[in-house]
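Student: Could you pick one part of this structure and take me through it closely? I'd like to see how that part sits among its surroundings, with the reasoning spelled out as we go.

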Amino acid sequence: LERMAAKDDLGRRGERIAERALAARGYEILDRNWRCSEGEIDLVALDGASLVFVEVKTRTSTAFGHPFEAITPGKLSRLRRLAAAWLNEHGPVRGATRLRVDAIGVLAPRGAPATIEHLEGIF
């Protein structure tokens, strides 16, 4: 149970780091940790005319692989369904003419600064 709590804390920390990085690049954060029966979208943001659904993966090291390795074809398929569910619930977003799914990998070693990689348009 303690290990799960630590993993959740790490994930939330990574999401906060990713959110700050997106905001610094001019993205407007519209939603965070949106949930439905299908799962959760970490971040929803507006990047110019693109509505962006963001999957954030956080690790303390690459000992068990790069954060992006956790984004499987099944996860991508679920992200597409989640994006559709989000749009169904929220309706059109002003100014958004395109949809995009991005991934952000955060390496957050204990006691050291985090590094971020952002892949745009993974799906």
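Tutor: Happy to! Let's begin with a word we will need: a residue is called buried if its relative accessible area is under 20%, exposed if that area is over 50%, and partly exposed in between. Please also keep in mind that this is a predicted model.

Let's try the word out on K57, which is found in strand 3. Its relative accessibility is 17%, so K57 counts as buried. If we leave aside its neighbours within four places in sequence, K57 is in contact with P67, A70, I71, K75, I104, G105 and V106. One of these contacts, K75, leads us to the part I'd like to look at closely, because K75 is among the buried residues of helix 2.

Helix 2 covers residues 73–90. We can check its length with a little reasoning. The expected span is 1.5 Å times one less than the number of residues. For the 18 residues of helix 2 that should give 26 Å, and the end C-alpha atoms are indeed 26 Å apart, so expectation and model agree. After the helix comes G91, with a positive phi near 75°.

Now, which way does the helix face? Its buried residues are K75, L76, L79, L82, A83 and W86. Imagine looking down the axis of helix 2: these buried residues fall within an arc of 115°, so they line one face of the helix. On the other side, P73 and N88 are exposed. What covers the buried residues includes strand 1 (28–36), strand 2 (39–47), strand 3 and strand 4 (98–107).

W86 is a good residue to follow inwards. At 3% relative accessibility, W86 counts as buried. Its partner is F53, which is buried too, with a relative accessible area of 2%. Searching the whole structure turns up one aromatic pair. The ring centres of F53 and W86 are 5.8 Å apart and their planes meet at 75°, so this pair is edge-to-face. The cut-off behind that name is an angle over 60 degrees. The pair also links distant parts of the chain, since F53 is in strand 3 (residues 50–59) and W86 is in helix 2, 33 residues apart.

F53 and W86 turn up again when we look at the nonpolar interior. The largest nonpolar core has 16 residues, and those with the most contacts inside it are I41, V44, L51, F53 and W86. Strand 2, strand 3, helix 2 and strand 4 each give two or more residues to this core. Helix 2 provides the largest share, five residues. There is also a second, separate core, made of 13 residues, which includes A18, V54, V56 and A108.

I41 shows how the helix meets the strands. Apart from its neighbours within four places in sequence, I41 is in contact with R32, N33, W34, F53, V54, L82, A83 and W86. One of those contacts, W34, stands opposite I41 in strand 2. Strand 1 and strand 2 pair in the antiparallel sense over seven bridges, and they form a hairpin with two residues between them.

Another of the contacts of I41 is N33, whose place is in strand 1. N33 has a positive phi of about 50° although it is not a glycine. With a relative accessible area of 22%, N33 is partly exposed.

W86 has a further partner in strand 1, namely L30. At 29% relative accessibility, L30 counts as partly exposed. Besides W86, and leaving aside neighbours within four places in sequence, L30 is in contact with V44, A45, L46, L51 and V93. L30 and V93 are 63 residues apart along the chain, and their C-alpha atoms are separated by 9.5 Å.

Finally, let's visit strand 4, which is part of the cover over the helix. Seven of its ten residues are buried, so strand 4 is largely enclosed by the rest of the structure. Strand 3 and strand 4 run parallel and are joined by ten bridges, with V52 standing opposite R100 in strand 4.

To put the picture together: helix 2 turns one face, lined with its buried residues, inwards, its cover includes four strands, from strand 1 to strand 4, and through W86 the helix pairs with F53 of strand 3.

Notes: Residues are numbered from 1 along each chain as its sequence is written. This is a predicted model: local features need pLDDT of at least 70, side-chain atom pairs count only at pLDDT 80 or more; totals for chains, interfaces and linings use all residues. Side-chain values use heavy atoms; hydrogens and water are left out. Rings of Phe, Tyr and Trp (its six-membered ring) pair if their centres lie within 6.5 Å; planes under 30 degrees apart count as stacked, over 60 as edge-to-face and the rest as tilted. Buried means under 20% relative accessible area, exposed over 50%, partly exposed in between (1.4 Å probe, protein chains only). The arc is that of the directions from the helix axis to the C-beta atoms. Contact means heavy atoms within 4.5 Å. A nonpolar core is a set of buried Ala, Val, Leu, Ile, Met, Phe, Trp, Tyr and Cys residues joined through side-chain atoms within 4.5 Å. Two strands pair if DSSP finds at least two bridges between them.
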